[in-house]
Amino acid sequence: MTARASGRGVGTRLLVDDRPEAAGEKFAYARLVGVPHALVISPQQTDGTVEFIDRWTSRHQEVPLSHIPGISSPQQTS
């Protein structure tokens with residue numbers, strides 16, 4: 001697991017769970033340590049979006065990478 005500072009002064013922290021564990025184990029750990037929001041980045045999402053999960057409301061939403069500060073969407077090829 002990798003912890004990285006992020007947010008550029010807006011009071012956010014970034015925890016990257018890069019362990020070779022199943023996704024369910026990673027989600028359970030995030031709940032255990034109280035992570036309020038999660039961005040799920042998956043190889044199956046090829047349309048330039050990530051899944052945003054609000055742990056307090058259990059709301060799931062697809063968010064374009066371009067809406068995440070400091071991240072640009074990959075170039076679409078045709």
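This text walks through the structure shown above, from its overall layout to single residues.

The model is a predicted one. The protein holds one helix and five strands. Along the sequence these elements follow the pattern β-β-α-β-β-β. The chain has 78 residues, and 19% of them are buried. About 6,300 Å² of the protein is exposed, with carbon and sulfur atoms supplying 55% of that area. Contacts can also be sorted by distance along the chain. Among contacts with a separation of 6 or more, 14% join residues 24 or more positions apart.

Start with the sheet. Strands of a sheet pair through backbone hydrogen bonds, in a parallel or an antiparallel sense. Here three strands form an open sheet in the order β3-β4-β5, and the pairing is antiparallel. Two strands sit at the edges: β3, residues 37-40, and β5, residues 59-64. Each of these edge strands pairs on one side only. From one strand to the next, the twist averages 25°.

Now take the pairs in turn. Strand β4 covers residues 49-54 and joins β3 in the antiparallel sense through four bridges. Two residue pairs help to locate this match. Ala38 has Ile53 of β4 as its bridge partner. His37 stands opposite Asp54, also in β4. On the other side, β4 and β5 pair over six bridges, again antiparallel. There, Val50 stands opposite Val63 in β5.

How covered is β4? Five of the six residues in β4 are buried, so the strand counts as mostly covered, given that buried means under 20% relative accessible area.

The turn from β4 to β5 deserves a look. These two strands form a hairpin with four residues between them. One residue of the loop is Ser58. Ser58 has a positive phi of about 65°, although it is not a glycine. Is Ser58 buried or exposed? Ser58 counts as exposed because its relative accessibility is 54%, and the cut-off for exposed is over 50%.

Follow the chain past β5 and you reach Leu65, which lies in the segment after that strand. Leu65 is buried, because its relative accessibility is 14%. In space, Leu65 comes back to an earlier part of the chain. The C-alpha atoms of Leu65 and Gly48 are 5.9 Å apart, although 17 residues separate the two in sequence.

Next comes the helix. Helix α1 spans residues 23-33. Phe27 belongs to α1. Which residues does Phe27 touch, leaving out those up to four places away in sequence? They are Val40, Ile53 and Arg55. One of them, Ile53, has already appeared as the bridge partner of Ala38. Val40 is 13 residues from Phe27 along the chain, and their C-alpha atoms are separated by 9.8 Å. Phe27 still has some accessible surface. Its relative accessible area is 29%, so Phe27 counts as partly exposed.

The helix also takes part in a surface feature. Leu15, Tyr29, Leu32 and Val33 form a nonpolar patch on the surface. Together these four residues have about 390 Å² of accessible area. Which element gives the most to this patch? Helix α1 does, with three residues. Leu15 comes from elsewhere: its place is in strand β2, residues 13-16. Leu15 is partly exposed, because its relative accessibility is 42%. That value passes the bar for patch residues, which need over 30% relative accessible area.

Last, look at the charged side chains. How many salt bridges does the protein have? The count comes to one. The salt bridge links Arg19 with Asp17, and the closest N and O atoms are 2.7 Å apart. That distance fits the rule, which asks for a nitrogen within 4 Å of a carboxyl oxygen. Arg19 has a relative accessible area of 23%, so it counts as partly exposed.

To retrace the route, go back to the sheet in the order β3-β4-β5. Its strand β4 is mostly covered. Phe27 of helix α1 touches Ile53. The nonpolar patch takes three residues from α1, and Leu15 of the patch sits in β2.

Terms used: Residues are numbered from 1 along each chain as its sequence is written. This is a predicted model: local features need pLDDT of at least 70, side-chain atom pairs count only at pLDDT 80 or more; totals for chains, interfaces and linings use all residues. Side-chain values use heavy atoms; hydrogens and water are left out. Two strands pair if DSSP finds at least two bridges between them. Axes are lines fitted to C-alpha atoms, for helices over the stretch in contact, and angles run from 0 to 180 degrees between N-to-C directions. Patches are made of residues with over 30% relative accessible area and no salt bridge: like charges are joined within 9 Å, nonpolar side chains (Val, Leu, Ile, Met, Phe, Trp, Tyr) within 5 Å. Accessible areas come from the Shrake-Rupley method with a 1.4 Å probe; for residues, only the protein chains shown count as cover. Buried means under 20% relative accessible area, exposed over 50%, partly exposed in between (1.4 Å probe, protein chains only). Contact means heavy atoms within 4.5 Å.
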